[in-house]
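Open the model in your viewer and show side chains as sticks. This tour goes from ring to ring.

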Amino acid sequence: MDLELYPKNNAPQLDGYGEGYIKVSGNKIHNSVLFLSDKYIELGKILDEEHKIIINRNINQSLPELIIYGSLKGLGYESDTLKFLKTLSIPIEQMQIGPACRTWSVLIGDGRSIAAIIEPG
């Protein structure tokens, strides 16, 4: 599926998604990705201590009002990433990958201060 909503700022453009990947600014990515209002960071497939430090540092710098967490498994799935995000004391919206990508595009396009972690695999 292709998305047609683009941010009105310099936020990363989430172009589309499919089984096991997301497309960011034309690049097909198969790993988890942290999205911030001004950049995206590819995290890898497994959440380790290094990735926790990267997430924590970047979230604390950008101070988003909301974190979107999107995965193939959607609601009710307690991944290690989601457990870690809950320790950050920022509201989290958990959803499947499709709605997470569309929600990111709409909210970032409106200029909202948000972050997202999308796990396509």
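Start by selecting Phe-35, Tyr-40 and Trp-104: ring pairs link these residues into a cluster. Keep in mind that the model is predicted. The count of aromatic pairs comes to two.

Take Phe-35 and Tyr-40 to begin with. Their ring centres are 6.2 Å apart, and the planes meet at 35°. This aromatic pair is tilted. Now colour by accessibility. Phe-35 has 0% relative accessibility, so it counts as buried. Tyr-40 is partly exposed, because its relative accessible area is 28%, which falls between the 20% and 50% cut-offs.

Next, keep Phe-35 and add Trp-104. Which class does this pair fall into? The centres lie 5.3 Å apart and the planes stand at 40°, so the pair is tilted. An angle under 30 degrees would have counted as stacked, and one over 60 as edge-to-face.

Switch to the cartoon to place both partners. Phe-35 belongs to strand β4, residues 32–35. Trp-104 belongs to helix α3, residues 97–109. The two residues are 69 residues apart, and their pair links distant parts of the chain. Is Trp-104 buried or exposed? Its relative accessible area is 1%, so Trp-104 is buried.

For the last stop, select Tyr-21 and Lys-28. What sits over the ring of Tyr-21? Look for the charged end of Lys-28, 4.2 Å from the ring centre.

How values were computed: Residues are numbered from 1 along each chain as its sequence is written. This is a predicted model: local features need pLDDT of at least 70, side-chain atom pairs count only at pLDDT 80 or more; totals for chains, interfaces and linings use all residues. Side-chain values use heavy atoms; hydrogens and water are left out. Rings of Phe, Tyr and Trp (its six-membered ring) pair if their centres lie within 6.5 Å; planes under 30 degrees apart count as stacked, over 60 as edge-to-face and the rest as tilted. Buried means under 20% relative accessible area, exposed over 50%, partly exposed in between (1.4 Å probe, protein chains only). Helices (H or I, at least four residues) and strands (E, at least two) are DSSP runs, numbered from the N terminus. A charge sits over a ring if NZ of Lys or CZ of Arg is within 6 Å of the ring centre and within 35 degrees of the ring normal.
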